[in-house]
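Here's a quick briefing for anyone opening this structure for the first time. Have a look at the model, then walk through the points below.

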Amino acid sequence: MIIDDKMIDYIGELARLKLKQEEKENAKNEINKIIDYMDVLNTIDTSNIEAMSHAFPVKNVFRKDDVMPSKDRDDILLNAPNKKDGAFKVPKTFE
Amino acid sequence: MEFLTTMGLEVHCELSTKTKIFCSCSTEFGGEPNTHVCEVCTGMPGSLPMLNEQVVEYAIRTGLATNCTITQYNKFDRKNYFYPDLPKAYQVSQLYMPICQNGHIDIEVNGVKKAIRIKEIHMEEDAGKLIHDPWDDCSLVDYNRCGVPLLEIVSEPDFESGDEVIAYLTKLKSILQYIDVSDCKMEQGSLRADVNLSVRPVGQTELGTRTEMKNINSFKAIARAIEGERKRQIEVITDGKKVVQETRRWDDNKGSSFAMRSKENAQDYRYFPEPDLVPIEISDEWIEKVKNGLPELPTAKKERYIAEYGLPEYDVDIITGSKYLVKIFEKATEICGEPKEVSNWIMGEVLRMASETSTEFEDIKFNPDSLGKLIVILKNKVINRNTAKEVFEKVFTDDIDPEKYIKENGLEMVTDNGAVEAIVKAVIEANPKAVAEFKGGSAKVKGFIIGQCMKQLKGKADPGTVNKIVAEELEKL
Ligand SMILES: [Zn+2]
């Protein structure tokens, strides 16, 4: 797989990033290096190895269904760039 | 040209756990904006999710009740997309290994039985709520619902008519309520359905291009949306155009659907395994334990009621269709031992009162024991049927105790035949004109006399007794 200009534009759009031409060139080079490395990994024969999603052999970590107090609303909203009436205020969003 | 319709359903149901799926915030409905939130469900950097065990238990329960295979090794994935109702910019869901697979629900439409296959059921988190603020022309975000556990129940495209869809949803809702995993209140959004629909000319084997209609929140609206979208697609094809694969929103007020503003690349969710949550391994013992704890399900209950009590299928369908009516039926029957009578009362008075007072079955408040007691009182001829119906209205609206209410209001029937006789005599004496007509051969007058007697007795007499005494007294004339 090669990351070309079209792909960089697409990834930028998905990540909601507006990139300048120079930044696009940089990102393109860096992502291509990562992809190249994946190609190296792909040369290893993994046909007898089960797919792994986690590095540690831990499973079934559960929590009991007991209610704990929620956080103070003012604390939760502390870092919000915009707020109104106890809610996060964002640009008008329609579905 | 004749067309065939094919539909599939994605049903989202909010689980009735006390806490959210990955944090200990309350799932209680309502509440001031952002008062049931913490660093986990608002997606603060550095916070870590921890799975609510009850969600897994409920998912297994739902899978078993819908004939699914439980995926004994399953895990979560991230579905990435940007939207302000989703603070992490990804939804934790299950794409690669959903917890339940390959089930089915049996439905019946116009006497025809059919199995609707369930492709999978997966666990995921609900999103927050966006409220439009017209003053500032902006949106306000409330994350109280964000992180409430959801099951997404995905069917195969097995539906061929709106009736089948409604039958499936009705059955699914009643199963989910029976097994106590969700209250399924559509008006509060705890049960929502997305409909995938395509049409194709008769004779064509491959399915047509489908569209998706999201979050329709009442059975009636779903039926209308299906009919509207089917017609629209047929028109598009008949006009020689092509149906575009897209998500459409059904506007139930306008009775038409429109394409949702095309979110470009929105379908590219870039799923990948959720690294913050470890895999779930469900043992045979766990499955067995959940299986043993399952209550009797609607279909089994229906068959048993018919076999054991000899009730009509139509009545049994209505009663077993709602766990709340089942509760009334079983408790009242336990008290009075008259299943047929209880069924008649439910089909008659309970349904009538529910409809007259616009009460949903789940909101019926009266103690079911009261209906059983009332039936016993009626059987013992303490009151007559008309009075019983009046007392039941009080039971339904105010949850009164029938025995106490009857005593306090002196509603017992006059059982002293002498007293009845005295009143009958008095009525006959007071109505010489009617008596003359009776003697002249008018049989109708007897009804009038009985009516007058019941009025004097304030309705508190056994109609059979009054009838008999009036006949006797008139004979004597
Ligand atoms: Zn929380």
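A strand here is a DSSP run of E with at least two residues, and strands are numbered from the N terminus. With that in hand, Asn102(B) can be placed in strand S7 of chain B, which covers residues 100–109. One thing to keep in mind throughout is that this is a predicted model.

**Unusual backbone angles**

- Most residues other than glycine have a negative phi.
- Asn102(B) isn't a glycine, yet its phi is positive, at about 55°.
- Is Asn102(B) buried or exposed? With a relative accessible area of 57%, Asn102(B) is exposed, because the cut-off for that label is over 50%.
- Asp180(B) is another residue other than glycine with a positive phi, this one near 60°.
- You'll find Asp180(B) in the loop of chain B that runs between helix H2 (162–178) and strand S12 (191–201).
- Asp180(B) has a relative accessibility of 43%, so it counts as partly exposed.

**Aromatic pairs in chain B**

- Counting over all chains, there are 13 aromatic pairs.
- Take Phe22(B) and Phe76(B): their ring centres are 5.5 Å apart and their planes sit at 80°, so this is an edge-to-face pair. The label applies because planes over 60 degrees apart count as edge-to-face.
- Which parts of the chain does this pair link? Phe22(B) is in the loop between strand S1 (3–14) and strand S2 (51–52) of chain B, while Phe76(B) is in the loop between strand S4 (73–74) and strand S5 (77–80), so these are distant parts, 54 residues apart.
- Phe22(B) has 5% relative accessibility and counts as buried.
- Phe76(B) is buried as well, at 1% relative accessibility.
- Phe366(B) and Phe392(B) also make an edge-to-face pair, with ring centres 5.5 Å apart and planes at 85°.
- Phe366(B) belongs to the loop between helix H8 (339–356) and helix H9 (368–379) of chain B, and Phe392(B) to helix H10 (residues 385–398), so the pair ties together parts 26 residues apart in sequence.
- Both Phe366(B) and Phe392(B) are buried.
- These two rings are part of a cluster: ring pairs link Trp345(B), Phe366(B), Phe392(B) and Phe396(B).

**Charges over rings**

- Where does Arg78(B) lie? Arg78(B) is over the face of Tyr90(B), 3.9 Å from the ring centre.
- Lys79(B) has its charged end over the ring of Tyr269(B), at 4.4 Å from the centre of that ring.

**Chain A as a whole**

- Chain A has 3 helices and 3 strands, and along the sequence they come in the pattern α-α-β-α-β-β.
- Why call chain A more spread out than a compact globule? Its radius of gyration is 22 Å, and the globule rule gives 12 Å for 95 residues, so chain A is well over that value.
- Taken along the principal axes, the C-alpha atoms of chain A fill a box of roughly 55 × 45 × 25 Å.
- Of the 95 residues in chain A, 20% count as buried.
- About 7800 Å² of chain A is exposed, and carbon and sulfur atoms supply 56% of that area.
- Chain A carries 16 positive and 19 negative charges, and the mean positions of the two sets are 8 Å apart.

Technical notes
Residues are numbered from 1 along each chain as its sequence is written. Chains are lettered from A and ligands numbered from 1 in the order in which they are written. This is a predicted model: local features need pLDDT of at least 70, side-chain atom pairs count only at pLDDT 80 or more; totals for chains, interfaces and linings use all residues. Side-chain values use heavy atoms; hydrogens and water are left out. Rings of Phe, Tyr and Trp (its six-membered ring) pair if their centres lie within 6.5 Å; planes under 30 degrees apart count as stacked, over 60 as edge-to-face and the rest as tilted. Helices (H or I, at least four residues) and strands (E, at least two) are DSSP runs, numbered from the N terminus. Buried means under 20% relative accessible area, exposed over 50%, partly exposed in between (1.4 Å probe, protein chains only). A charge sits over a ring if NZ of Lys or CZ of Arg is within 6 Å of the ring centre and within 35 degrees of the ring normal. The radius of gyration is taken over C-alpha atoms; the globule rule is 2.2 Å times the number of residues to the power 0.38. Accessible areas come from the Shrake-Rupley method with a 1.4 Å probe; for residues, only the protein chains shown count as cover. Lys and Arg count as positive and Asp and Glu as negative; His and the chain ends are not counted. The place of a charge is taken as NZ of Lys, CZ of Arg, CG of Asp or CD of Glu.
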